Amino acid sequence: MRNHTVVTEYILLGIPETEGLETVLFSLFSSLYLCTVLGNVLILSAIISSSRLHTPMYFFLANLSVFDLGFSSTTAPKMLSYLSGLSQGISFQGCATQLFFYHFLGCTECFLYTVMAYDRFVAICFPLRYMVIMNHRVCTILATGTWIGGCIHAIILTSLTFQLSYCGSNKVSYYFCDIPAILPLACGDTSLAQRVGFTNVGLLSLICFFLILVSYTRIGIAISKILSAEGRQRAFSTCSAHMTAILCAYGPVIIIYLQPNPSALLGAIIQILNNHVTPMLNPLIYSLRNQDVKSALRNAFPKRCFTLKKN
């Protein structure tokens, strides 16, 4: 029998094919992370402080902002740490925690986008019954269900991944602990974890994307029946922000799955877009053309903060 050393720490090797670019990457990702935190905190502050935004649409948007803060914080702090020259090591427990929260929040994102699409479907197709259908109790159940569903999904994947024995190399060829990067380091049979992980992640994403397509197909049919151009424009504008966010979230994933043999660098870029760019863009997407959010932001903070430029 061979002697094995049980792995207690992993070494994150970073983004593939980026050796020597640590300073540039640190500046880029620290700026992205700062904008993500600032933007989502502002959105949360506006929604909480303004009674006009205490509606189902903005309730789910507040949940999305909490998700974006958590999702980007799952990988960004450790990545910025080793890009700044600090240790690339992460403990076994820290790696498991990072993997759990990555899949917990990632799955919650899919569920939440689906719920937000349903909210827009009800608002456009049943405008007179909107507040009756999407009452406080229903919104709370839907939001709670997204978080519980994401948690169950993450528990399954994390337990399957870390119940295996890890007694070989501890070098993770990636910038954070994800299943495809961790499983090759296991000593035992990884086929079950691979099958469940691929099926679980892929199936949930496809189901959510299909339900979103169904909702927006019904929305498109309803908008086409509106006689006035102004009414169609108003109805479309209420959905445009969410449609843009969906494209930002699912677009990169679709692109990488269409590639027959995606490179490691392309895979990393796609995940960086999902992990760091999309959470930064969501506050901009939902606020740039939204007068209610802009008004709430002006009221939430002292007016002098907005008049410094004039002075």
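**Local features of the predicted model**

Glutamate 17 is found in the loop between β1 and α1 (22–49) of this predicted model. Its backbone is marked by a positive phi of about 60°, although glutamate 17 is not a glycine. As a general rule, most residues other than glycine have a negative phi. With respect to solvent, glutamate 17 is classed as exposed because its relative accessible area is 55%, where exposed requires a value over 50%.

Strand β1, which precedes this loop, belongs to an open sheet of three strands, arranged in the order β2-β1-β3 with mixed pairing. The edge strands are β2 and β3, each of which pairs on one side only. On one side, β1 (residues 9–12) runs antiparallel to strand β2 (residues 89–91), to which it is joined by three bridges. The pairing of β1 with strand β3 (residues 171–172) is parallel instead and extends over two bridges. Isoleucine 11 takes part in both pairings, with glycine 89 as its bridge partner in β2 and lysine 171 standing opposite in β3. In a regular strand the side chains alternate between the two faces of the sheet. In β1, Tyr10 and Leu12 make up the covered face, whereas Glu9 and Ile11 make up the uncovered one.

Turning to the helical part of the model, valine 293 is placed in helix α10 (residues 291–300). Valine 293 is counted as buried because its relative accessible area is 2%, where buried requires a value under 20%. When neighbours within four places in sequence are left aside, valine 293 is in contact with Ile43, Ala46, Leu53, Tyr58, Tyr286 and Ser287. A separation of 7.6 Å is found between the C-alpha atoms of valine 293 and isoleucine 47, although these two residues are 246 residues apart along the chain.

A contrasting environment is that of leucine 203, which lies in helix α7 (residues 191–224). Leucine 203 is described as partly exposed because its relative accessible area is 48%, a value that falls between the limits of 20% and 50%. Together with Ile207, Phe210, Leu211 and Val214, leucine 203 makes a nonpolar surface patch of about 460 Å².

Side chains of opposite charge can pair when their charged atoms come close. The structure holds one salt bridge, in which the side chains of arginine 120 and aspartate 119 meet at 2.9 Å, N to O. Arginine 120 and aspartate 119 are both buried.

As regards confidence, the mean pLDDT of the protein is 83, and 90% of its residues reach 70 or more. Confidence is highest in helix α5 (residues 136–162), at a mean of 93, and lowest in helix α11 (residues 304–307), at 45. Over residues 306–311 the pLDDT is below 50, and this stretch has three contacts in the model beyond near neighbours in sequence.

Technical notes. Residues are numbered from 1 along each chain as its sequence is written. This is a predicted model: local features need pLDDT of at least 70, side-chain atom pairs count only at pLDDT 80 or more; totals for chains, interfaces and linings use all residues. Side-chain values use heavy atoms; hydrogens and water are left out. A salt bridge is a side-chain nitrogen of Lys or Arg within 4 Å of a carboxyl oxygen of Asp or Glu. Buried means under 20% relative accessible area, exposed over 50%, partly exposed in between (1.4 Å probe, protein chains only). pLDDT is the predictor's confidence in each residue, from 0 to 100. Helices (H or I, at least four residues) and strands (E, at least two) are DSSP runs, numbered from the N terminus. Contact means heavy atoms within 4.5 Å. Patches are made of residues with over 30% relative accessible area and no salt bridge: like charges are joined within 9 Å, nonpolar side chains (Val, Leu, Ile, Met, Phe, Trp, Tyr) within 5 Å. Accessible areas come from the Shrake-Rupley method with a 1.4 Å probe; for residues, only the protein chains shown count as cover. Two strands pair if DSSP finds at least two bridges between them.
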